Amino acid sequence: MRRWLLWTPLAGFGLLFAVVASGLIKPADRVVRSALVGKPLPDFALPAIALDKPGLSVAAFRQGQPRLLNIFASWCIPCAAESPHLMRLKAMGVPIDAIAIRDTAPALTAFLRRNGDPYDRIGDDRQSAVQLALGSSGVPESFVIDGRGRIVLQHVGDIRADDVATIAAAIRDAR
């Protein structure tokens with residue numbers, strides 16, 4: 001019996017090691033998903049932030065054409081990284097609208113000049129109220145919206161080259 005007691009600390013360490021190793025090998029999914037996927041967009045109306053573009057309201061998404069809604073900010077580094085892929089989606093015919101989070105018009109104008117402007121409309125969400133109502137957890141984040149204003153797909157994080165085909169297909173299928 002005494003021999004087994006000597007091995008107890010080693011067994012405990014082995015068990016702790018196994019738990020930690022399993023967490024490192026297969027980490028938990030920490031992505032926050034919106035509960036609104038499959039449901040209509042919440043009502044909102046945001047003023048314009050860019051001088052040459054209109055603001056954005058939920059009515060723009062209920063006109064029969066699927067659209068991509070991108071949540072971004074000029075101060076967001078991954079937002080700049082996804083810009084070429086948004087421009088590629090625009091070139092493929094995907095209509096894209098945006099919500100600018102906690103931004104200013106001069107900073108946004110400089111961002112669009114530097115990185116390209118794929119957006120038809122940009123709404124100014126200074127308090128992140130619409131972002132939170134959508135269930136968005138950060139920037140960048142994108143939603144595919146069908147022609148009736150229902151959220152079909154949520155893409156958390158920046159859009160990368162290998163995401164473009166999936167998003168374009170989701171827009172095509174949302175008709």
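Where in the chain is S128 found? S128 sits in the loop between strand 5 and helix 4, and we come back to this loop in one of the close-ups below. Keep in mind throughout that this is a predicted model.

**View 1. The whole chain, with its five helices and seven strands.**
Reading from the N terminus, the elements go α-β-β-β-α-β-α-β-α-β-β-α. The radius of gyration is 22 Å, well over the 16 Å that the globule rule gives for 175 residues, so the chain is more spread out than a compact globule. Its C-alpha trace spans about 80 × 35 × 30 Å along the principal axes. Of the 175 residues, 43% are buried. If you take the contacts with a separation of 6 or more, 73% of them come from residues 24 or more positions apart. The accessible surface adds up to about 9,900 Å², and carbon and sulfur atoms own 62% of that.

**View 2. An open sheet of five strands, in the order 5-4-3-6-7.**
The pairing in this sheet is mixed. At the edges you'll find strand 5 (122-125) and strand 7 (151-156), each of which pairs on one side only. From one strand to the next, the twist averages 20°. As a reminder, strands of a sheet pair through backbone hydrogen bonds, either parallel or antiparallel. Both kinds turn up around strand 3: strand 3 (residues 67-72) runs parallel to strand 4 (residues 96-101), joined by five bridges, while five bridges also tie strand 3 to strand 6 in the antiparallel sense.

**View 3. N70, a buried residue in its strand.**
N70 belongs to strand 3, and its bridge partner in strand 4 is A98. How much relative accessible area does N70 have? The value is 0%, so N70 counts as buried. Its side chain makes a polar contact of 2.8 Å with the side chain of S142. Setting aside residues up to four places away in sequence, N70 touches a whole list of others, including E82, L86, I96, D97, I99 and Y119. E141 and S142 are also among the residues that N70 touches.

**View 4. Strand 6, covered on both faces.**
Which residues of strand 6 are buried on each side? E141, F143 and I145 are buried on one side, and S142 and V144 are buried on the other. That fits the count for strand 6, where five of its five residues are buried. In a regular strand, the side chains alternate between the two faces of the sheet. Looking across to strand 3, R67 has I145 of strand 6 as its bridge partner.

**View 5. The hairpin made by strand 6 and strand 7.**
These two strands pair in the antiparallel sense over five bridges. One pair to look for is V144, whose bridge partner in strand 7 is L153. Five residues lie between the two strands, and in the turn G149 has a positive phi of about 90°.

**View 6. Backbone oddities in three loops.**
Start with the loop between helix 4 (129-134) and strand 6 (141-145), which is the place of P140. The peptide bond from V139 to P140 is cis, with omega near -10°. Next, look at R102, in the loop between strand 4 and helix 3 (105-115). R102 has a phi near 45°, a positive value in a residue other than glycine. Finally, back to S128 in the loop between strand 5 and helix 4. S128 isn't a glycine either, yet its phi is positive, at about 65°. Is S128 buried or exposed? With a relative accessible area of 5%, S128 is buried.

**View 7. A174, in the segment after helix 5 (164-173).**
A174 has 11% relative accessibility; the cut-off for buried is under 20%, so A174 counts as buried. Which residues is A174 in contact with, leaving aside its neighbours within four places in sequence? They are P66, V144, D146, G147 and V152. V144 is the residue from the hairpin view, where its bridge partner is L153. For a sense of the chain's extent, A174 and L5 are 169 residues apart in sequence and 64 Å apart in space, C-alpha to C-alpha.

Terms used
Residues numbered from 1 in each chain as written. Predicted model: local features only at pLDDT ≥ 70, side-chain atom pairs only at ≥ 80, totals over all residues. Heavy atoms only, no water. Pairing = 2+ DSSP bridges. Helix = DSSP H or I, 4+ residues; strand = E, 2+ residues; numbered from the N terminus. Axes fitted to C-alpha atoms, helices over the stretch in contact; angles between N-to-C directions. Buried < 20%, exposed > 50% of the residue type's maximum accessible area, 1.4 Å probe, protein only. Polar contact = N/O pair within 3.5 Å; in protein donor to acceptor, adjacent residues only side chain to side chain. Contact = heavy atoms within 4.5 Å. Rg over C-alpha atoms; globule rule 2.2 N^0.38 Å. Areas by Shrake-Rupley, 256 points an atom, 1.4 Å probe, with all protein chains shown as cover.
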